[in-house]
Amino acid sequence: MLTAQEIACNANGVRNRSADIRKYLEEHSPDIFLIQETKLRPEINFSIPNYDVYRTDRPQRNNAPTQIGGTGILIKKSLPHHHIPTPQLHFVEATSISLNLTNKEPFTVTSIYIPPDTDPTLYTLDLETLIQLGPIPIIFGDFIAQHQKF
């Protein structure tokens, strides 16, 4: 059964926060943990004991010196699940899995990151694409929601 503990964070770089993430996972042992802004490149290994790690790295653009963006999902190896390949998205970054818990309908979990310079009128098509990945979609992450002053 999934725990009701905190299951997500904007890491602002997994490599810099690796010790904090590992400590949190050791102390609280959540079944699933979603990460936004992993800032990883494909050649960088990131693993956590007892967890399967799925991630979507943002492609490096214009030989930028630092990597930004990226999403990931850490899920206990003991849970029945499988990775869902990320469909073609245009304005958001996402990683998705399907969980198939005993005596429960399968459902999808998506870790999402919407970069701050994204026009809100444009990413709704990507959200609709992610909703179509499974019968019961759960989308969680960093939506870069802006607070409006009154």
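In the largest nonpolar core of this chain, which has 14 residues, the members that touch the most others are Val14, Ile21, Leu25, Phe33, Ile35, Phe46 and Leu74. Helix 1 (14–28) and strand 2 (32–36) each contribute at least two residues to this core, and helix 1 provides the largest share, with four residues. The model described here is predicted.

**Nonpolar cores**
- In soluble globular proteins, nonpolar side chains tend to be buried together.
- Leu74, one of the residues of the largest core that touch the most other members, has many partners beyond its neighbours within four places in sequence.
- Among these contacts of Leu74 are Leu25, Phe33, Ile35 and Phe46, which are also listed among the best-connected members of the largest core.
- Leu74 is also in contact with Asp31, Ile32, Ile48, Tyr51, Asp52 and Val53.
- Apart from the largest core, there is a second, separate core of 12 residues, including Ala8, Ile97, Phe107 and Val109.

**Secondary structure**
- Two helices and eight strands make up the elements of the chain.
- Read from the N terminus, their order is β-α-β-β-β-β-β-β-α-β.

**Burial, surface and contacts**
- The chain consists of 150 residues, of which 43% count as buried.
- About 8,900 Å² of the chain is exposed, and carbon and sulfur atoms supply 53% of this area.
- Among contacts with a separation of 6 or more, 60% join residues that lie 24 or more positions apart.

Definitions and conventions
Residues are numbered from 1 along each chain as its sequence is written. This is a predicted model: local features need pLDDT of at least 70, side-chain atom pairs count only at pLDDT 80 or more; totals for chains, interfaces and linings use all residues. Side-chain values use heavy atoms; hydrogens and water are left out. Buried means under 20% relative accessible area, exposed over 50%, partly exposed in between (1.4 Å probe, protein chains only). Contact means heavy atoms within 4.5 Å. Accessible areas come from the Shrake-Rupley method with a 1.4 Å probe; for residues, only the protein chains shown count as cover. A nonpolar core is a set of buried Ala, Val, Leu, Ile, Met, Phe, Trp, Tyr and Cys residues joined through side-chain atoms within 4.5 Å.
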